[in-house]
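Reader: Hello! Could you take me on a close look at one strand and its surroundings, and follow the contacts from there into the interior?

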Amino acid sequence: MMAEQMTSNAVNTSVPNQYYGGNPGVYTPPMDCHYTQLPTNGVTDDIMKISIGRNGKVFKAITRQANVNYIWYNKDNNYVEIWGPEKNLPDAYKRVFDRIQKIITKVANGEIDLNKETDKIVNKENAMDTS
C-alpha cells in the first residue's frame, strides 16, 4: 500500500511562456508554456488527495510560491503536470515532490491517519458543493 521513494525523472518540453489564468478544477492547461511532469507511480490516491489539499489548496499555493502557471494531477496517467516559465519548473517540481514525500513519511510514521484525512477532505468538498 505504501509507495517507495518516488522517481525524480522529469520530462520537459519547451514552448514560450505566457500568462495563464486557468479554470480551477477543470483540466485546462496553458498551451504556450514550458512543461514538466513528476511521475507518481505507486503513490496511492489517498496520498495524492492529501498532497493536493482540499480543493487543490496545496497545489495552488505551490503554483504561487514557485511562480508557475499551472499544476495538475493526471490521475489516469499517474503524474503531476507542471506548466510555467522554464526557469521556475525545477522549484515547482521540488516543492510538489517534497510535499508528496512528506505525506508518505507522515503516513508511514503514523502521524497521519489516511482514512480520517481523506474523509475530512471529501466531507468538506461535499459540504461546499451543497452550499
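Author: Gladly! Both faces of β2 are covered: His34, Thr36 and Leu38 are buried on one side, and Tyr35, Gln37 and Pro39 are buried on the other. That split fits a general pattern, since side chains in a regular strand alternate between the two faces of the sheet. Please keep in mind that this is a predicted model. Counted over the strand, which spans residues 34-39, 6 of 6 residues are buried.

Now for the neighbouring strand. β2 runs antiparallel to β4, residues 79-84, and 6 bridges join the two. One of the pairings to look at is Gln37 of β2, whose bridge partner in β4 is Glu81.

Step past the strand and you come to Thr40, in the loop between β2 and α1. Is this threonine buried or exposed? Thr40 counts as buried because its relative accessibility is 0%, and the cut-off for buried is under 20%. Its side chain also comes back to β4: it reaches the backbone nitrogen of Tyr79 at 3.4 Å. Leaving aside residues up to four places away in sequence, Thr40 touches Met48, Tyr73, Asn78, Tyr79, Val80 and Ile100.

Val80 is a good one to follow inward. With the same sequence neighbours left out, its contacts include Thr36, Gln37, Leu38 and Thr40, and also Met48, Phe59, Val96 and Ile100. In the largest nonpolar core, which has 26 residues, Val80, Ile82, Val96 and Ile100 touch the most other members. Two or more residues of this core come from each of α1, α2, β3, β4 and α3, and α3 gives the most, with 9 residues. A second, separate core has 5 residues, among them Cys33, Tyr35, Tyr70 and Trp83.

Two of the helices deserve a visit as well. In α1, the buried residues are Ile47, Met48, Ile50, Ser51 and Ile52; Gly53 follows this helix with a positive phi, near 90°. As for α3, its 20 residues reach 28 Å from the first C-alpha to the last, close to the 28 Å expected at 1.5 Å a residue. Its buried residues are Leu89, Ala92, Tyr93, Val96, Phe97, Ile100, Gln101, Ile103, Ile104 and Val107. They lie on the same side of α3 because they cover an arc of only 160° around the axis. After α3 comes Gly110, which also has a positive phi, near 80°.

Notes:
Residues are numbered from 1 along each chain as its sequence is written. This is a predicted model: local features need pLDDT of at least 70, side-chain atom pairs count only at pLDDT 80 or more; totals for chains, interfaces and linings use all residues. Side-chain values use heavy atoms; hydrogens and water are left out. Buried means under 20% relative accessible area, exposed over 50%, partly exposed in between (1.4 Å probe, protein chains only). Helices (H or I, at least four residues) and strands (E, at least two) are DSSP runs, numbered from the N terminus. Two strands pair if DSSP finds at least two bridges between them. A polar contact is a pair of N or O atoms within 3.5 Å; within protein, one must be able to donate a hydrogen and the other to accept it, and residues adjacent in sequence count only if both atoms are side-chain atoms. Contact means heavy atoms within 4.5 Å. A nonpolar core is a set of buried Ala, Val, Leu, Ile, Met, Phe, Trp, Tyr and Cys residues joined through side-chain atoms within 4.5 Å. The expected span of a helix is 1.5 Å times one less than its number of residues. The arc is that of the directions from the helix axis to the C-beta atoms.
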